[in-house]
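Student: Could you take me through one residue up close, and then work outward from there to the rest of the model? I would like a connected account rather than a list.

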Amino acid sequence: MEFAELIKTPRVDGVVLRRPFLPTVEGTLCLTGHHLILSSRQDNTEELWLLHANIDAIEKRFVGSLGTIIVKCKDLRVIQLDIPGMEECLNIASSIEVLSTLDSVSLMYPLFYRPMFQVIEDGWKSFLPEDAFKDLESMTEEWRLSDVNKDYSVCSSYPPLVAVPKDVDDDTLRKAAAFRHGGRFPVLSYYHKKNGMVMMRSGQPLTGTNGRRCKEDEKLINATLRAGKRGYIIDTRTVSVAQQAKARGGGFESEANYPQWRRIHKAIERSSILQESLIKLVEACNDQSHSMDRWLSKLEASNWQTHVKEILTSACLAAQCIDREGASVLVHGTEGTDSTLQVTSLAQIILDPACRTIQGFQALVEREWLQAGHPFQQRCSQSAYSNSKPRCEAPVFLLFLDCVWQILRQFPCSFQFSQHFLVLLFEHTYASQFGTFMGNSASERSKLNLSQKTVSLWSWVNRPQEVERLSNPLYEANCLVIWPSVAPQSLLLWEGVFLRWKRSSRCLDEAYDEMVHIIQYNKELQNKVNNLRRQLAQLETEEAGEKED
Amino acid sequence: MEHIRTPKVEQVRLLDRFSNKSTSGTLHLTATHLIFVESNADGAQEIWILHHHIGSVEKLSLTTSGCPLVIQCRNFRVVHFVVQRERDCHDIYSSLLRLLRPVSYEELYAFSYNPKQNEQQREEGWQLIDLGAEFERMGVPCDQWQLTDVNRNYKICETYPRDLYVPITASKPIIVGSSKFRSKGRFPVLTYFYQEKKAAVCRCSQPLSGFSARCLEDESMLQAISKANHNSRFVYVMDTRPKVPNLDMAGYLLPQKYVDILSPSVCVNLLPSLQLNAMANRAAGKGYENEDNYSNIRFQFVGIENIHVMRTSLQKLLEVVGTRSLSVNDYLLGLESSGWLRHVKAVVDAAIFLTKAVTVEGASVLVHCSDGWDRTAQVCSLGALLMDPFYRTIKGFMVLIEKDWISFGHKFADRCDQLDGDPKEVSPVFTQFLECVWQLTEQFPQAFEFNEWLLLQIHEHVHSCQYGNFLANNQRQREELQLKDRTHSLWAFLLSEGQNYLNPAYCHTYAETHPVLEPSTLPCHLKFWRNMYHQFDRSMHPRQSVLKNVLTLKESNRQLEDTIMKLEARLQKHGISPPTPDPQAPPKDQRTLLNHTRPHSLILAAPLSLKEAQHQEEVGEEAKKCCSDTERTVEGSSGSERKESYGDLQGTYGDKVEPAVVSLEFGVAHMTC
C-alpha cells in the first residue's frame, strides 16, 4: 500500500498531547494512512483519533530536542503535540503535511471506512428525486420529471432527473441549457403548497455584450407563471457585478425580453471573499487580547455577520415574494451553485415546516446542495487555518448553516433538530468517514460509484440513538411560515462553531440537561395522569355497573 | 391634575421605530400615566407609560400628516406619536413637560400608588430584608469586627446608614478622625466579610490627601482593618478610578478650545465640583493613599471610568442601536466606539480582582472611588456576588442591592433623575451593574436562582418611583420622608410573583461545587444585552422563548404532581394502591449521554413590561389548562405584529400597470396546530 511510503516514522512513544478542555495525555503517537492516533494505553484516558483530512495546517517549533507540532483542524480546534526527538518530530510533521493534503480521490478515507454500526436504512437511497417528485405530484400536475440530463450531457452539475414545467419538452430544455451558465437551465426548487407559487433556480443567462436572447429560455420560465401573473427574478449579484458579467459572456434577463418578470439585485459576496472573511473571523476569535475595542473592530473587519445578514435578507425576500406577494421566483447568481443555493434553501426553511424536521432538513441538503451541484469537494478542501493558496475554497455551506442557526435561535421551538445537527454537518463537510460530501456533483459521485463504495452520512444520522441525540427537546411542530429578524442586534456570533474551543461548554451543557429533564419529566407526569384517570374512569364505570346489577 | 390640559386625544398614530408600520389609536393623559389605546377592534393593544419613565419629550416640526411627538423612556422604550392637530400635540407636550419634572418627592408615584394590600401586609413588605441579620449571616459581629453606633444620628456621615461595622480596634477617635479625612465623611467600613478566610471587604471614599496631606487616624483605621485579618500581612487598597485624568471627559464638559490650550491641572481647577479621576482629584486636594504613609497596604488602580463617561457611553450606544436600517458593520463599530462593553468589562474585571484578593490570597480589601457610592458600589456588590452563592438567590440578590446600593447611599434620586435636578448627576451606574450581573448569568446558567426578568423588572422599578425602596439618595433622606410608613416595598411585590423570576436551570448544589465564580472577561464572551436595551422593540426578539416555555413546563409539573396525588387518593378510596412508581428523573449519566448540545442561552426573550409578565402568567395558566387539548396557540410565528422589509421590493412593475408600491405587509397569523 502506498501510504507506507509516506509514513517515515509510524510510531513515537512519550508524546504529550494538549487539547482544549481535556487533561494533558502522554502516550504513543501512531500514524496510519488516514489517522493520527494518540493513545496512553490506559483505560481511563481518552484516545485521540484525528482524521488527516481534518488537519488544515500544522506548525512546528523546537526547544532543544523537544519538538512541538501545533495541529490546526478544519473544525477550528487547535491541538498541540510535544514530540521528543527532533528527527521523529520532523518526520511526523512532514508525513502529516503530505497525508492531509492528498489530492487523489481514490485514497480518501470514506472509500476505506467500514461502518461499525448496523445500517438500518441506506442513506444513499433515502432521498431519491423520484420520491421527492411523488410528493410534488400529489399537490400539482403542472410539473414533470425530465430525464433530459440522464447522462449528464446537458448539464454536468445537475442530477439525471430534474423537475420542469409539464408543457416544456426536452428539446426546449436543451436549448435553454445552452443559454445558461454551466448548462444550468431553470429547474424547480420549491413548490409552495399554500398558493401554488414556485421557486426556481438556474445559472446566469449568457446574454453577453450584444444582448443575446433565447426564446426557449423565455418560454421555459414563463411557463411557470399563471395567466396574468408576474414573477420576480432574484439576482444574487449587485447590478454592477451583473453588468460586468456581460463582458465575459454572462449577463442578466433584460426587461425587454422578460417583460413578465421583475429583477431584484441582492449583493451576496462571491466565494473568495467569503473565504477571506472566515479566515479573519477565526483569527479574531482566537485573538487572546483582552481589548474589547480590538475584538469588536476585528469582528467588524471580518464582515462575517454582514454576509450572514445579506444571505438571510435575500432568502427572506425570496420567501416574501412567494408567500406574501403570491409571485413565483427565479433565483440565480453567476454559476448558480453557491449564493443561489443559499437563498433557495434558506427560503425553504422559512416557508416549509417540513424542512425544519431532521429528515426534512437532510432532504433539503440532499436536494438543494448535493443534487443541485454545490461543489463541496472544492469548497471544503481547506478551512480557516490553511496557509496554502486558496483555490476554490469558500465557506458557502457553513454560512448557510450559520443562517439556519440564526433562525433556530429565533424560533427555538420550531425545529426538530438542535444546533448539534448543524455543527455535525459542518464537521462532515470538511472531513468525514462518510461519502456523502465527496465529489462536486451528482455526476462525479456516480462516476466514483460512491453509493456502493462508501457509507452515507444519513445512514449514520438516521439511527434512533443518533436522531435522539440531535433532537430538540423543545420542538413542537409549527406549520407557519417563520420570518426571522435580520436586524444586526438579532444576529449573533455562532458560538457553537466559532467559540467552541475557547471555553468549556460544561456548565451550559448541564443547564441544558436540566431543561431536558424538566421536559421529559413533564411528559412522564402527563402519561401518569392519563393512566390514573383511565384507571379511575374504568373503576367508576365498573362500580356503576355493579350497582345497576 | 391641574397640569393636564388635554386628557384625551383621538386619531393619534404610533409609528414603529424600525419599520414603516404604524397603528392609530387614542392617547389618554392621566395623573400618572400616558396611555395609548389602539383603535383596532380586535385585541387592541394598550401601551401604558408611567410619567416617571419618560426621560425626554420632543416635539418635532409639523409635517403633512400631523405633529410628531417623540418620547424616550428611561426603560429604553422609545415611542413616536403623530398627533393630527398641532394644538393637541402642544397641549400634551407641555402637560408632559410639567408632569415629568416633579420638584418634591411627595409628587412621586410611590406616594399615591396603592395596591390591594392592607397595612399589615405593607409593613411586612418592609421587614422582608434585615441587614442586621445579613451581617450576622456573614459572621459579624465577631472577635475582630463590631457594630458601632457612631453614626446613630447620621452625625459622622449623613450618606451612610446608621449601623456600621468596623474593626474592634478602631476606636471612636480613630473613626472620627478618619471620617474627617475622607470625602463626604465616608470612612472605611465593612461591607462584606468572607468568613472562610476572615477577610473583609471594606468601602470608603477617597482620602483628602492632595499631594502631601496625611491623617494619622486614617492610617490607624487601615491598620486596624489589616490587623483584623490574621491571614494576610497587608490590605489591598483598590482605587477603582483610572490613574490618568481623562481629558476626553474634560472635553465633554468644556468647550474644546479650552481643553486644547489648558493643561490638565487647569482644566481640573475649572471643574472643581465635578467628579474627576484620581490624579485630577489629587490636584484638587483629594486623591489616593500614599503607600509610604500607610504601612501594610498594597495600592491598586483598576480603571473604571466616571459617571460622565458612562452616561455619554450609554447615550452613544442607544443612538447607534436606535438607528433605522442599521448595517452590521455600523452596529459593531458603534458598539466599539460607544465603549459600553469596554466599561462593562472593566467593572467585571475589577470585581474579579477583588474576589481573587479575598478568596485566593485571603487578604482584606478596601475599595473606593471618589465619593464611594458609584464605582465602589458596583465593585463591592459584584465581587460579593462572585464570592457568595447566597447573593445569587432571589432573596440574596435583594439583600445585596439593599446593602451595597440602597443603604450605603448610591444616589438613586440623582443618578436616575427622580426629581428635576442636575442632568450631569444622572448616570446609568446601576443599570451597568445589572448588566454585569446579566453577563454573569449568561456564563453561569446554573448558578443563579433568578432569571433575566428579575433584572429587567428591578431596572423598571428603579425608574418607576412606584415603590419606596429606591427613592431619595440615602437612608437619612428616606427616613425623613417616612418611606416605610407611606410607600410600598418593591421586594414584597417581586417575591409575591417569584415564580416568574425563577431560573429553571438553577442548581442548588452548584453553590457547593462552585462557591466562587470565575467568569471570563475575554471580549468575545461579553455580549450586547438586547433584552434590556431593546426591551420594547419586539421585532428584534426571538419569536419563541425557551425560558418562558420551560418555566411554564415547570409550573405544569408542579400541578401535575398535585393532580397525581389527588387521583391516587381517589384510587385508594376504591381500594387500589399506587400502581406505578412515581416518574423519576432519568439517571444523570443517561441524560448527559443523550444530550451534548446546548442552547446558546436559556433566556431568549423577556417580558415587555409588568403587564406582559402578568399576561404571560395567564397564558401559562391557559397552557396548563389545555395541556391535553389538541388546540394550542403557537406563539411567535408569522411575523405577527411586525412588518419588516427585507429588501427593495418598492418600485414599479412595467409602468403604472401595478400599484406603485409593492406592499410588504405582514399580517397577524395565529393558527392552531
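Tutor: Gladly. In this predicted model, Q406(A) sits in helix α13 of chain A, which covers residues 396-410. Its relative accessible area is 1%, so Q406(A) counts as buried, the cut-off being under 20%. What does Q406(A) touch, once its neighbours within four places in sequence are left aside? One group of partners is Q305(A), V308(A) and L312(A), and the other is S490(A), L491(A) and L492(A).

Next, the record for this stretch. In an unreviewed entry, UniProt places the feature "domain: Myotubularin phosphatase" at residues 123-498 of chain A. In the model, that span is 45% helix and 9% strand. Its end C-alpha atoms, those of residues 123 and 498, lie 29 Å apart.

A second buried residue to look at is S443(A), which belongs to helix α15, residues 442-447 of chain A. Its relative accessible area is 5%, and S443(A) is therefore buried as well. Not counting residues up to four places away in sequence, S443(A) touches Y152(A) and S156(A).

Then there is Y113(A), which is found in a loop of chain A, between α2 (86-99) and α3 (129-139). Is this loop residue buried or exposed? At 10% relative accessibility, Y113(A) counts as buried. Its contacts, again without residues up to four places away in sequence, are with Q433(A), F434(A) and V455(A). A distance adds to that picture: Y113(A) and S432(A) are 319 residues apart in sequence, while their C-alpha atoms are 9.8 Å apart in space.

With those residues in mind, step back to chain A as a whole. Chain A holds 20 helices and 14 strands. Of its contacts with a separation of 6 or more, 70% are between residues 24 or more positions apart. Buried residues make up 61% of the 549 residues in chain A. How does its overall extent agree with that of a compact globule? For 549 residues, such a globule would have a radius of gyration near 24 Å, and the 26 Å of chain A agrees with this. Along the principal axes, the C-alpha atoms of chain A fill a box of roughly 95 × 80 × 50 Å.

The surface and the charges complete the view of this chain. Chain A has an accessible surface of about 21400 Å², and carbon and sulfur atoms account for 50% of that area. Its side chains include 62 positive and 68 negative ones, and the centres of these two sets lie 6 Å apart.

Now to chain B, beginning with a site that comes from the record. Under "binding site", an unreviewed UniProt entry lists N306(B), I307(B), C369(B), S370(B), D371(B), G372(B), W373(B), D374(B) and R375(B). These residues span 70 residues in sequence, yet no two of their C-alpha atoms are more than 12.1 Å apart, so they gather at one spot. One of the listed residues, N306(B), lies in the loop between β13 (297-301) and α10 (307-321) of chain B. With a relative accessible area of 0%, N306(B) is buried.

R85(B) makes a useful companion to that residue. R85(B) is in the loop between β7 (78-83) and α1 (86-99) of chain B. Its relative accessible area of 48% makes R85(B) partly exposed. Where does R85(B) lie in relation to T359(B)? The two are 274 residues apart along the chain, and their C-alpha atoms are separated by 64 Å.

Another annotated stretch of chain B is residues 550-577, for which UniProt gives "coiled-coil region" in an unreviewed entry. The model has this stretch as 86% helix and 0% strand, with its end C-alpha atoms 32 Å apart.

Finally, here is chain B as a whole. Its secondary structure comes to 25 helices and 14 strands. Of the 673 residues of chain B, 60% count as buried. Among contacts in chain B with a separation of 6 or more, 72% join residues 24 or more positions apart. The accessible surface of chain B is about 27700 Å², with 50% belonging to carbon and sulfur atoms.

To return to your starting point, Q406(A) is a buried residue, placed in helix α13, and its contacts include V308(A) and L491(A).

Conventions:
Residues numbered from 1 in each chain as written. Chains lettered and ligands numbered in written order. Heavy atoms only, no water. Helix = DSSP H or I, 4+ residues; strand = E, 2+ residues; numbered from the N terminus. Buried < 20%, exposed > 50% of the residue type's maximum accessible area, 1.4 Å probe, protein only. Contact = heavy atoms within 4.5 Å. UniProt positions renumbered as here; feature names shortened; annotations may be inferred. Rg over C-alpha atoms; globule rule 2.2 N^0.38 Å. Areas by Shrake-Rupley, 256 points an atom, 1.4 Å probe, with all protein chains shown as cover. Lys, Arg positive; Asp, Glu negative; His and termini not counted. Charge placed at Lys NZ, Arg CZ, Asp CG, Glu CD.
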